[in-house]
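Visitor: I have a protein model here and some questions about it. Can you walk me through it in short steps?

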Amino acid sequence: MIPTLQTERLTLRAPGPGDFDALRGFHSSERSRFVGGPCDAAESWGYLCKAIGHWTMRGFGRWIVTETGAEDRALGLVGPYHPLEWPEPEIAWTLWEGAEGKGIATEAARAARSYTYETLGWTTAMSLIAPDNSRSIALAERLGCTREGEFDSEDFGFMHIWRHPAPAEVLA
């Protein structure tokens with residue numbers, strides 16, 4: 001079972017078929033270039049199925065982010081993620097159009113990071129970010145991450161490794 005997380009403003013919940021239209025809209029735009037897009041409807045469907053299946057295969061995964069108390073509209077995907085080819089698990093985030101610039105990614109990523117440290121017992125975490133993804137780099141810096149190394153993904157290309165602060169530094 002996929003847990004639901006609550007923050008002051010957000011609900012991080014299980015992804016499902018009802019999120020397809022929002023994901024498809026994101027994937028059809030140039031905004032998706034850092035996560036393998038733009039792509040067609042079939043590829044978006046496969047992406048959503050992978051997001052759901054990741055929970056079964058790894059015991060953790062990314063949540064759909066929505067605003068608590070508002071319409072259950074998907075704003076993005078945030079959470080722990082570990083494809084086979086990744087050098088280690090990461091905390092990943094992707095926000096869709098209309099969700100940026102409101103602190104949503106920061107709040108959701110902090111909740112996901114706390115979950116990975118407190119519930120999953122991770123002692124470290126990274127995020128992989130394309131060198132020209134300035135918005136994600138700014139978020140990593142707001143989260144206290146430091147650039148640590150590089151990773152070249154067959155699917156996503158060259159990325160920087162951003163190391164999150166240790167659990168003792170962020171959990172109070």
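**A tour in questions**

Visitor: Is Phe-156 buried, partly exposed or exposed?
Guide: This is a predicted model, so keep that in mind. The relative accessible area of Phe-156 is 28%. Buried means under 20% and exposed means over 50%. The value 28% therefore makes Phe-156 partly exposed.

Visitor: What about Trp-86: buried or exposed?
Guide: Use the cut-off of under 20% for buried. Trp-86 has a relative accessible area of 6%. Trp-86 is therefore buried.

Visitor: What kind of aromatic pair do Trp-86 and Phe-151 form?
Guide: Their ring centres are 5.8 Å apart. The planes meet at 65°, and over 60 degrees counts as edge-to-face. The pair is therefore edge-to-face.

Visitor: How many residues apart are Trp-86 and Phe-151?
Guide: Trp-86 is in the loop between strand E4 and E5. Phe-151 is in strand E7. The pair links distant parts of the chain, 65 residues apart.

Visitor: What is the angle between the planes of Trp-86 and Phe-156?
Guide: These two rings also form an aromatic pair, 5.8 Å centre to centre. Trp-86 lies in the loop between E4 and E5, and Phe-156 in the loop between E7 and strand E8, so the pair ties together parts 70 residues apart in sequence. The pair is edge-to-face, and its angle is 80°.

Visitor: Which residues form one aromatic cluster with Trp-86 and Phe-156?
Guide: Phe-151 belongs to the cluster. Another member, Tyr-81, has the charged end of Arg-62 over its ring, 4.0 Å from the centre. The residues you asked for are Tyr-81 and Phe-151.

Visitor: How far does helix H2 reach from its first C-alpha to its last?
Guide: H2 covers residues 41-58, which is 18 residues. At 1.5 Å a residue, 26 Å is expected. The reach in the model is close to that: 25 Å.

Visitor: Where is the kink in H2 centred?
Guide: The helix bends by about 30°. The centre of that kink is Ile-52.

Visitor: Which residue caps the N-terminal end of H2?
Guide: Look for a side-chain oxygen close to a backbone nitrogen. The nitrogen belongs to Ala-42, and the oxygen lies 3.2 Å away. That oxygen comes from Asp-40.

Visitor: Which residue follows H2?
Guide: Its phi is positive, near 85°. The residue is Gly-59.

Visitor: Which residues of H2 are buried?
Guide: An α-helix has 3.6 residues a turn, so residues three or four places apart point the same way. Now read along H2. Its buried residues are Ser-44, Tyr-47, Leu-48, Ala-51, His-54 and Trp-55.

Visitor: Which element supplies the largest share of the largest nonpolar core?
Guide: This core has 31 residues, and Leu-12, Trp-63, Val-65, Trp-93 and Ile-104 touch the most other members. Strands E2, E3 and E5 and helices H3 and H4 each supply at least two residues. The largest share is eight residues, from H3.

Visitor: How many residues are in the second core?
Guide: This core is separate. Among its members are Leu-23, Tyr-47, Leu-48 and Ala-51. The count is nine.

Visitor: Is Cys-39 buried or exposed?
Guide: Cys-39 lies in the loop between helix H1 and H2. Its relative accessible area is 13%, and the cut-off is under 20%. Cys-39 is therefore buried.

Note on methods. Residues are numbered from 1 along each chain as its sequence is written. Side-chain values use heavy atoms; hydrogens and water are left out. Helices (H or I, at least four residues) and strands (E, at least two) are DSSP runs, numbered from the N terminus. The expected span of a helix is 1.5 Å times one less than its number of residues. The bend at a residue is the angle between axes fitted to the seven residues ending there and the seven starting there. Buried means under 20% relative accessible area, exposed over 50%, partly exposed in between (1.4 Å probe, protein chains only). A polar contact is a pair of N or O atoms within 3.5 Å; within protein, one must be able to donate a hydrogen and the other to accept it, and residues adjacent in sequence count only if both atoms are side-chain atoms. A nonpolar core is a set of buried Ala, Val, Leu, Ile, Met, Phe, Trp, Tyr and Cys residues joined through side-chain atoms within 4.5 Å. Rings of Phe, Tyr and Trp (its six-membered ring) pair if their centres lie within 6.5 Å; planes under 30 degrees apart count as stacked, over 60 as edge-to-face and the rest as tilted. A charge sits over a ring if NZ of Lys or CZ of Arg is within 6 Å of the ring centre and within 35 degrees of the ring normal.
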